[in-house]
Amino acid sequence: MSTESNPWATASDDTGAAESTASNPWGGAASTQNSDAMSMSASGTPVEQTDFSLLHPFQDVWIPLDSWIETGVSWVVTNFRPFFTAVKAPVDATLTAVDSTFNAAPPLLVIALFGLIAWQLSGRRLAIGSVVGLITLGAIGAWQESMTTLALVVTSVLFCIVLGIPTGIAMARSDRAAKVIRPILDIMQTTPAFVYLVPIVMLFGIGNVPGVIVTIIFAVAPVIRLTNLGIRQVPSDLIEAANSFGADKKQMLFKVQLPLAMPTIMAGVNQTLMLGLSMVVIASMISVGGLGLMVLRGIGRLDIGLATIGGIGIVILAVILDRMTQSLGQDARQRGTRHWYETGPIGLLLAFKK
Amino acid sequence: MVTKLEVKNLYKIFGEHPKKALKMLDKGINKDEIFKKTGQTVGVKNASLAINEGEIFVVMGLSGSGKSTLVRLLNRLIEPTQGQVLIDGHDITKVDDKELRDIRRSKISMVFQSFALMPHMNVLDNTAFGLELSGVNVQERHEKARNALAQVGLESHANSYPDELSGGMQQRVGLARALTNNPDILLMDEAFSALDPLIRTEMQDELVRLQSEHQRTVVFISHDLDEAMRIGDRIAIMQGGEVVQVGTPDDILHNPANDYVRSFFKGVDVSNVFCARDIASRSSLTLIKKDSSEGLITGLKLLNENERDYGYVIDKSQRFLGVVSTISLQDVIKNKQTLSEAIIDDIQPIAADTSIGDIISIVAHSPCAVPVVDDQQKYVGVISKARLLETLDKEASV
Ligand SMILES: Nc1ncnc2c1ncn2[C@@H]1O[C@H](COP(=O)(O)OP(=O)(O)OP(=O)(O)O)[C@@H](O)[C@H]1O
Ligand SMILES: [Mg+2]
């Protein structure tokens, strides 16, 4: 890994030498990254042979958890390498495609496209807002990074939707499945984002692809939960009515449950997107590129300007994406029309054709 | 008469251990005790019914007596615990899922108290929903749906959404949705209970008309005596999950099987509480006498169209003139006489402030609902037998 993409390199250069490993929180990580991702616990407390004293009961480590984990993980890594590669492959492929599209496309085209999508999804106000926001991004010199972050978020959210909606449907259909999945989601949501990074780095290494994987894990819970909730909230008399007219399971799902749960599912997608964005930023610590890395590097070098640009970029992206997906969750009724194709640029086009 | 739908010794127990509850029922232990001891609810207990083709069969009973459960057992929306449900002699409790779906798609449709229209579909798609599930192509199903909507007078609202319609209109859509499949059997669980009385009468008339046109078998759940007597060819009365009596409205009225049944019709002395004005209903068909013409033929047509035997004639200032019947109208048309000669002399209006105690015998002996007029001879409404009974019944249950 090059110094260029390692945000901590400078930080440890500045502070590292003088201080002990214990007082430098980054020391361990930095050395780990530089040598081998597998020796994370090298800085763990050395086990010394001293007499046990009640005054200092924890001087000795009772349970050598670190070495257990170390052996466990290295065993998993060596024995399940094909599995981890298999997981990485589709993420890698999608990410590469999305990323190169965003980065290669002419900025003005991207801006125009965003404007049109925002117009379609929400209205003219958001369209103007998005265009202004994106131009600002470019103007302050964060275009490249914004597109990288956007590609990471879009890829993560795509995977979250593809994995999350079917899982949510499974949960809604079977109480047993719900019972099994719910605690897993609880763990995924309550574990601080920071903690995710450790196991992911151990299992998948560092870089953009592990960054997307960590983001998927962190952000997938809301879309699963809200898909489940949305389907379960479909009024029972409608389910009964559909049954009374002879709906089979598939028809029930696609003609009744999913359409009625759609606003709730979209609220889940919105939450997932927001969580995804925040995770992509945090994941810069495992050397994921984009706006997060800008902030991190800015902080590391005490370069307030750089950090601020990154920060502003993140805020602008967050607001645009949030507003766009929030309007997806709204009932069409609230927006005064029944069908999405009756408004926005497409509505205009269709009206024009008539 | 052909039996269309037959129920034999049907039981439904809600809960985890239906077998236990069944055994206790066999021993003659009652519903409440079983619930106390085992936590199992007896929904329907040993129901046996034979419903004829082309009849309107009303199931009545107090809240919790198992009416909804019974009607859902008929199309297996609720799985029976024990017993048989035969449609055209075919036991549907034994069929597999696929066959059950086919039966629901083609033979038996349901109308719900809560309407249960799909909020994300417009009226046309809602109406075509059953056919959509059967895999009928868009054009054909929309055409059939439009027909069904026309039958209930809602063609012009095909592109509206359910939340843009009034309750009465929504239930018409519910009815049209059930009719689109052209089912033999129509199940209606308190289909009109959520509607106001005027609309309700209108819907009842509509149901009777639609039913007679196609000789459909209708199983109609109601807790409203007026409704049951008005539309029911036969009535079944349920109590605590059991069917306690089945018969024509007259049978039940004259020979109630037990006190529970009697209590539906029981009256107390309310002579001084209500007067005729309080219970007169305006929902009857009035014919307005115009100055320009006699309007005999239009009057007759109106009566026939609404399937009424009697019409109440008023003038433009709402003054009551008299009662005509389809027969008297036909007579005067034949003899080229005037409207005033069609009026039936036997039926005299009662004054609005007459107490109920004094009108019971008048209403009971009148061939039709008795008109009520105020002191200026203005038409107030009519009191039918069912209306009167309902009032007495309500009074009794207060
Ligand atoms: N899903 C269920 N689980 C448990 N008990 C039920 C269930 N559905 C109905 N019951 C019970 O079965 C009995 C009959 O209920 P049902 O809904 O058939 O009454 P009903 O005659 O339709 O009453 P209403 O006029 O209030 O609609 C009631 O005691 C009710 O508590
Ligand atoms: Mg009920």
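This is a short dialogue on reading the largest pocket, ligand 1 and the domains of chain B.

Reader: What kind of model is this?

Author: It is a predicted model.

Reader: Let us start with the domains. Which ones does the assignment give for chain B?

Author: Domain 1 covers 3–107 + 183–268, and domain 2 covers 277–397. The C-alpha centres of these two domains of chain B are 34 Å apart.

Reader: Now the pocket. How is empty space found, and what volume does the largest pocket have?

Author: A probe the size of a water molecule is rolled over the atoms, and this shows where empty space is left. Here the largest pocket has a volume of about 1,300 Å³. Its lining counts 45 residues. Closest to the pocket centre are B:Asp226, B:Arg230, B:Arg308, B:Ser384 and B:Ala386.

Reader: Which elements give two or more residues to that lining?

Author: On chain B, four helices do: H9 (197–214), H10 (225–231), H11 (249–254) and H18 (385–397). Strands E12 (310–315) and E16 (379–383) of chain B do as well.

Reader: Which element supplies the largest share of the lining?

Author: H9(B) does, with 8 residues.

Reader: From which domains does the lining draw at least three residues?

Author: From domain 1 and from domain 2 of chain B, at least three each.

Reader: And the chemistry of the lining, by class?

Author: The pocket lining has 19 nonpolar, 10 polar and 16 charged residues.

Reader: On to ligand 1. Which residues come nearest?

Author: The shell holds 13 residues. B:Ser63, B:Gly64, B:Lys67, B:Ser68 and B:Thr69 come nearest to ligand 1.

Reader: Which elements supply at least two residues of this shell?

Author: Strand E2 (41–52) and helix H3 (67–74) of chain B each do. H3(B) gives the most, with 3 residues.

Reader: How does the shell around ligand 1 split by class?

Author: It has 2 nonpolar, 8 polar and 3 charged residues.

Reader: What distances do the oxygen atoms of ligand 1 show to side chains?

Author: For B:Ser68, an oxygen atom of ligand 1 is 2.6 Å from a side-chain N or O atom. For the side chain of B:Lys67, the distance from a ligand oxygen to an N or O atom is 2.8 Å. The backbone takes part too: a polar backbone atom of B:Ser65 is 3.2 Å from an oxygen atom of ligand 1.

Reader: How is the size of an interface given, and what share of ligand 1 does the protein bury?

Author: The size is often given as the accessible area lost when the parts come together. Ligand 1 taken alone exposes 640 Å². The protein buries 61% of that.

Key. Residues are numbered from 1 along each chain as its sequence is written. Chains are lettered from A and ligands numbered from 1 in the order in which they are written. This is a predicted model: local features need pLDDT of at least 70, side-chain atom pairs count only at pLDDT 80 or more; totals for chains, interfaces and linings use all residues. Side-chain values use heavy atoms; hydrogens and water are left out. On a 1 Å grid over the protein atoms alone, a cavity is a set of points where a 1.4 Å probe fits but cannot get out, and a pocket is an open set with protein on both sides within 12 Å along at least five of seven lines; lining residues have an atom within 4 Å of a point. Grid points are joined across faces, edges and corners, and a volume is the space filled by probe spheres set on the points. Ala, Val, Leu, Ile, Met, Phe, Trp, Tyr, Cys and Pro count as nonpolar, Asp, Glu, Lys and Arg as charged, and the others, Gly among them, as polar. Domain bounds come from an automatic or database domain assignment. A residue is near a molecule or strand if one of its heavy atoms lies within 4 Å of it. A polar contact is a pair of N or O atoms within 3.5 Å; within protein, one must be able to donate a hydrogen and the other to accept it, and residues adjacent in sequence count only if both atoms are side-chain atoms. Accessible areas come from the Shrake-Rupley method with a 1.4 Å probe; for residues, only the protein chains shown count as cover.
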